[in-house]
Amino acid sequence: MAKNPFACGECHQILPDDIDQCSRHPSAPVSSDWTGYVVVMDPSRSEIAARLNIEVPGSYALKVNIR
Ligand SMILES: [Zn+2]
């Protein structure tokens, strides 16, 4: 099984392979321990986006576990 990519602990965005820092939250912790994969195409029309405070289209984790 492939290794999970990292997700940002602040905005929950799933980061591209080999990236371990969110471009919008450079000081936020990241974690490869996350669950729930959602793709948000249009944040203004997505209930999940509103719940997670997502403003930018992309791939997100529903829950990010930061150790
Ligand atoms: Zn972030």
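What pLDDT does the protein average? This is a predicted model, and its average pLDDT is 93, with 97% of the residues scoring at least 70. Confidence can also be followed element by element: strand β2 (residues 30-31) is highest, at 97, while helix α1 (residues 47-52) is lowest, at a mean of 92.

With that in mind, let us walk along the chain. You will meet one helix and four strands. Starting from the N terminus, their order is β-β-β-α-β, so the helix comes after three strands and before the last one.

Now step back and look at the overall form. Along the principal axes, the C-alpha atoms fill a box of roughly 30 × 30 × 20 Å. The radius of gyration is 11 Å, and this agrees with the value near 11 Å that a compact globule of 67 residues would have. Contacts tell us how the chain comes back to itself: of those with a separation of 6 or more, 42% are between residues 24 or more positions apart.

Next, let us go inside. Buried residues account for 18% of the 67 residues. In soluble globular proteins, nonpolar side chains tend to be buried together. Here the largest nonpolar core has 10 residues: Phe 6, Ala 7, Cys 8, Ile 14, Cys 22, Val 30, Trp 34, Tyr 60, Ala 61 and Val 64. Two elements, β1 (7-8) and β4 (58-64), each give two or more residues to this core. The most comes from β4, with three residues.

Phe 6 is a good member of this core to pause at. Leaving aside residues up to four places away in sequence, Phe 6 touches Leu 15, Ile 19, Asp 20, Val 30, Ser 31 and Ser 32. One of these partners, Val 30, is also on the list of core residues.

Finally, turn to two spots in the loops where the backbone deserves a second look. Most residues other than glycine have a negative phi. Asp 18, in the loop between β1 and β2, has a positive phi of about 70 degrees although it is not a glycine. Is Asp 18 buried or exposed? Asp 18 has 7 other C-beta atoms within 10 Å, and because a residue with 12 or fewer counts as exposed, Asp 18 is exposed.

Asn 53 sits in the loop between α1 and β4. Its phi is positive too, near 60 degrees. Asn 53 has 10 C-beta neighbours inside 10 Å, so this residue also counts as exposed.

Methods
Residues numbered from 1 in each chain as written. Predicted model: local features only at pLDDT ≥ 70, side-chain atom pairs only at ≥ 80, totals over all residues. Core = buried A, V, L, I, M, F, W, Y, C linked by C-beta atoms within 7 Å. Buried ≥ 20, exposed ≤ 12 C-beta atoms within 10 Å, placed from the backbone. Contact = placed C-beta atoms within 7 Å. pLDDT = per-residue confidence, 0-100. Rg over C-alpha atoms; globule rule 2.2 N^0.38 Å.
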